[in-house]
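Grab your viewer and work through these exercises on strands, sheets and the helices around them. Try each task before you read its solution.

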Amino acid sequence: MMKAFENFGARWMQKFFLSSNDQKNSDNKHIFIFWTAVGALTQLLVFCGDMLTPLGFAHGVLYAPATFFGLLANRVISIWLIGSLGMLGTGLGIFYSNGTLPNVGYEYILLNRLLGWGTIIASAVAAMILLRLRRQRRVSQVALEDTASLLQVASTVGGLGGWRVKLPEMESYWSAEVFKILGRPHGTVPDIDTIIGWYAEKYQADVRDKFKKCVFDGHPFDTEIQVIHPDGTPHWVRLVGEAVWNDQGQIEAAQGAVQDIDKHKAVQKEIESSREEWQLLAESVPMIVWTTNSLGRMSYVNQFAAGYMGSSARQLIQEGWWQYVHPDDKPNAKAIWKAALMAVQPFLAEFRVLRHDGTWRWHLARAVRVDASQGAQWYGTAMDIQDFKEAQETGSQLANRLVETMESVADAIFVLDHDWIFTYMNRQCETVLERKREELLSRC
């Protein structure tokens, strides 16, 4: 009833006196003004009654209850404002009251008024204490509600629920999230044997053993198992438990948590599958494949590299394969590697690598940086280009011989492209045309 009256008063004050963009602050102001006005009006009515009452009655104490309207206004200033009006009315009542009771002296009247003032002050102090206690309770309540809300959000988002087993009764208690994780309707928690029967058969003996060691010996456990939902589908969960000890050093309960990790397991399986596919691809290509971090510590090298260098993959990972790079090429290759690290750009270099038969062969090495959750990793390859180098050198030698031949003949030789542009002229052509090559090359 009081709450409804308060809300009505707040709406009435808002309608006729206040307007604000902040609804909450506006409502607080309206409540403050309304209850302060009610308290002031009450003090006025008490004063009117005081004017009609002869001096001698303890009428001053009637001003005290109105101060508690300041408590409803939720402001200290309202308490003191209403209380001050009561003290003012108590003082003015001496001069404006309706006469004096017979045989009542002014000492008695003054004592009554002093009693009224004291009662008003005491009421104001009591109202302030109650207001402070109410505010502290409200702050604690809001903090508790916020904490509970955050715990609920964390429980829902993280798929985490709590459980507790009381000993020796073996009575179980679950949070609502545990029912959801285990795929069971919310209700009474069944006995331990029934619960263990919900897990996949291959995990039941292990769970039972871990639980017994926890409740009897106090050993904590943390395990990942599969629970079978009523529709027969398996779901991965993480089960954690620990013993609860009393002051006498006895185990009085076991408690823990259940976490839904089914999606995590699915992602983990996909990652492992992708890693296996990548390694299969890396092992199948006829070139060196390697991975390393920014410090140069290798984490993977394929078997082709180990066989090519006459070593083992494990040894190459531990020692690195810079020792197989030609001493004359190593400084330049390392400088290019450092520059790639600093600029975070692809690594590209040519150097000679020692093959298992003792021959040095040219390789083209490439690597790119990939930022992953475990840190930056460099994925690289090194391809044998010795045959290409030799073919390139042979072609260059043939081209040089052809040019030398054309320069030595007595005939004028020139080459034109499809647009009749000079692309080559020998010395004899310059003599016959009486023009320098620089004048005709690249011209029509």
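Two strands count as paired if DSSP finds at least two bridges between them. Helices (H or I, at least four residues) and strands (E, at least two) are DSSP runs, numbered from the N terminus. This is a predicted model, where local features need pLDDT of at least 70 and side-chain atom pairs count only at pLDDT 80 or more, while totals for chains, interfaces and linings use all residues. Residues are numbered from 1 along each chain as its sequence is written, and side-chain values use heavy atoms, with hydrogens and water left out.

**Exercise 1.** Work out the strand order of the five-stranded open sheet, and find its edges.

Step 1: follow the pairings, and you get E7-E6-E10-E9-E8, with antiparallel pairing.
Step 2: look for strands with a single partner; these are E7 (298-301) and E8 (347-354), so each has one side without a neighbour in the sheet.
Step 3: check the twist, which averages 25° from one strand to the next.

**Exercise 2.** Find the helices that lie on this sheet and their angles to its strands.

Step 1: fix the terms. Contact means heavy atoms within 4.5 Å; axes are lines fitted to C-alpha atoms, for helices over the stretch in contact, and angles run from 0 to 180 degrees between N-to-C directions.
Step 2: take H9 (residues 262-284), which packs on the sheet and touches E6 (288-293), E7 and E10. The direction of H9 makes about 60° with that of E7.
Step 3: move on to H13 (residues 386-408), lying across E8, E9 and E10. H13 runs at about 125° to E9.

**Exercise 3.** How many bridges join E9 and E10, and which residue stands opposite Arg366?

Step 1: E9 (residues 360-372) and E10 (residues 375-384) are antiparallel, with ten bridges.
Step 2: across from Arg366 you'll find Thr381 in E10.

**Exercise 4.** Trace the partners of E5.

Step 1: start with E1 (residues 160-166), which runs antiparallel to E5 (residues 251-260) and is joined to E5 by seven bridges. Lys166 sits opposite Ala253 in E5.
Step 2: now try E4 (residues 234-245), antiparallel to E5 over nine bridges. Here Trp245 faces Ile251 in E5.
Step 3: inspect the link. E4 and E5 make a hairpin with five residues between them, and Gly249 in the turn has a positive phi of about 80°.

**Exercise 5.** Put the strands in context: how many helices and strands does the protein have?

Count the runs, and you reach 15 helices and twelve strands.
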